[in-house]
Amino acid sequence: MEDVKIRLLRADEIECRIGTISEKGLSLLLYKDARADMKILDETFGCFGWKRTHQSIDGNLYCTVEIWDSDKKSWIAKQDVGTVSYTEKEKGQASDSFKRACVSVGIGRELYSAPFVWISAQKCNIQRKNDKLISYDKFSVSEISYNENREIIGLSIINDDTGEIVYSMIQKGSQKANPVNSQFYEFNNELKRTGVLLDAVLARYGVGSIEEMTPELLNKAINSLKKTKNKSA
C-alpha cells in the first residue's frame, strides 16, 4: 500500500472557476470535479478497491472514502465534510465532501500549489448587472506541468470564448510553493461565502488591486471576513 502513488491531475481534469471580480479584472481558482476523483480512484485501486459512504453529523454531511489495503487486509478510511451549495444543498454537500475526502487520499493536492491567477479586464468580458459585476466567460487549463515535489511550475489558461491564452506561468527548476497562494484561495472563498464585494475590501485597505495586498493585509482581511455571516443568513 505504501508503494501506491496517485498520479497528478491532467490539464483536462482541472476546472477554472471565477473567484472574485472587480472592474479591473477577475481571479480564477483551480478545482477538480468528482468524476476525475472517481476515475483516478478506479485507475489506482481498481473499481472494487475503494468505496464511499456519507454520514450526517451535527447537520453537516461528511464523506468517508475507504481504500482496501491488501497487505493489512483492511479498509483505510479518510473523511471530510462538505460545504453548502446554494443551488442544490444536499447534492452539493455530497459532492463537495467526496472531493474533499479524495484530497485526504491524495488526489489533487497539487492544486494547493497553484499560483494566484488574475485575468485583466482587457482579456475577459465583465458586465454590471443589478449593481453587481459578473462575467459569463468560461476558462480552461490548456497546459500544466509539475516539479518533482508535485508542485505546479507551469500553467496556461485560455478563454474558451476567444481561444486566447489569458494566463501563462512557467518556472524553471524546483521551487517551493508560495504560502501566499493558499491565502488567496482562503480570501476568495471567504468573499464568496459572505458576498462581500472585492472592491469594498480593496478600498478598506487602501489598495488598487488584489495583487497589491501583502500577506499581512490578506491575513487581516481573511480574519475580518471570517467574522461576517454567510450571505444566505
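Is Asn 230 buried, exposed or partly exposed? I went through the predicted model with that sort of question in mind, and here are my notes.

1. Starting with Asn 230: at 34% relative accessibility, this residue counts as partly exposed, because the partly exposed class sits between the buried limit of 20% and the exposed limit of 50%. Asn 230 belongs to the segment that comes after α5 (215–226). Its C-alpha atom is 9.6 Å from that of Leu 191, although the two positions lie 39 residues apart in chain numbering terms.

2. The overall picture. I get five helices and eleven strands for the secondary structure. Of the 233 residues in the protein, 43% are buried. Taking contacts between residues at least 6 apart in sequence, 56% join residues at least 24 apart. The accessible surface is about 13200 Å², and carbon and sulfur atoms account for 49% of that.

3. The cores. In soluble globular proteins, nonpolar side chains tend to be buried together. Here the largest nonpolar core has 40 residues, and Leu 30, Leu 155 and Ile 157 are the ones with the most contacts inside it. A second core, separate from that one, has 17 residues, including Phe 184, Phe 187, Leu 191 and Leu 225. Leu 191 is the residue already paired with Asn 230 in point 1.

4. Leu 30 and its surroundings. Beyond its neighbours within four places in sequence, Leu 30 is in contact with Ile 14, Glu 15, Cys 16, Leu 111, Ala 114, Val 141, Leu 155, Ile 157 and Tyr 185. Leu 155 and Ile 157 turn up again here, having been named among the residues with the most contacts inside the largest core.

5. Leu 111, seen from the other side. This residue is in the loop between α2 (89–105) and β6 (117–120), yet it is buried, with a relative accessible area of 8%. With neighbours within four places in sequence left aside, its contacts are Leu 9, Ile 14, Leu 30, Tyr 31, Lys 32, Ile 152 and Tyr 185. Leu 111 and Tyr 31 are 80 residues apart in sequence, but their C-alpha atoms are 7.3 Å apart.

6. Helix α1 passes a simple geometry check. At 1.5 Å a residue, its twelve residues (34–45) should span 16 Å, and the end C-alpha atoms are indeed 16 Å apart. Ala 34, Ala 36, Asp 37, Ile 40, Leu 41 and Phe 45 are buried in α1. These cover an arc of only 155° around the axis, so they sit on the same side of α1. Gly 46 follows the helix, with a positive phi near 85°.

7. Two backbone angles to look at. Most residues other than glycine have a negative phi. Lys 73 has a positive value, near 55°, and lies in the loop between β4 (60–69) and β5 (74–81). Its relative accessible area is 59%, so Lys 73 is exposed. Asp 131 also has a positive phi, near 65°, and is in the loop between β7 (127–129) and β8 (132–134). At 68% relative accessibility, Asp 131 counts as exposed too.

8. Last one: Asn 147, in the loop between β9 (139–146) and β10 (152–159). Despite the loop position, Asn 147 counts as buried, at 9% relative accessibility. Its side chain reaches the backbone nitrogen of Asn 149 at 2.9 Å.

Definitions and conventions: Residues are numbered from 1 along each chain as its sequence is written. This is a predicted model: local features need pLDDT of at least 70, side-chain atom pairs count only at pLDDT 80 or more; totals for chains, interfaces and linings use all residues. Side-chain values use heavy atoms; hydrogens and water are left out. A nonpolar core is a set of buried Ala, Val, Leu, Ile, Met, Phe, Trp, Tyr and Cys residues joined through side-chain atoms within 4.5 Å. Buried means under 20% relative accessible area, exposed over 50%, partly exposed in between (1.4 Å probe, protein chains only). Contact means heavy atoms within 4.5 Å. Helices (H or I, at least four residues) and strands (E, at least two) are DSSP runs, numbered from the N terminus. The expected span of a helix is 1.5 Å times one less than its number of residues. The arc is that of the directions from the helix axis to the C-beta atoms. Accessible areas come from the Shrake-Rupley method with a 1.4 Å probe; for residues, only the protein chains shown count as cover. A polar contact is a pair of N or O atoms within 3.5 Å; within protein, one must be able to donate a hydrogen and the other to accept it, and residues adjacent in sequence count only if both atoms are side-chain atoms.
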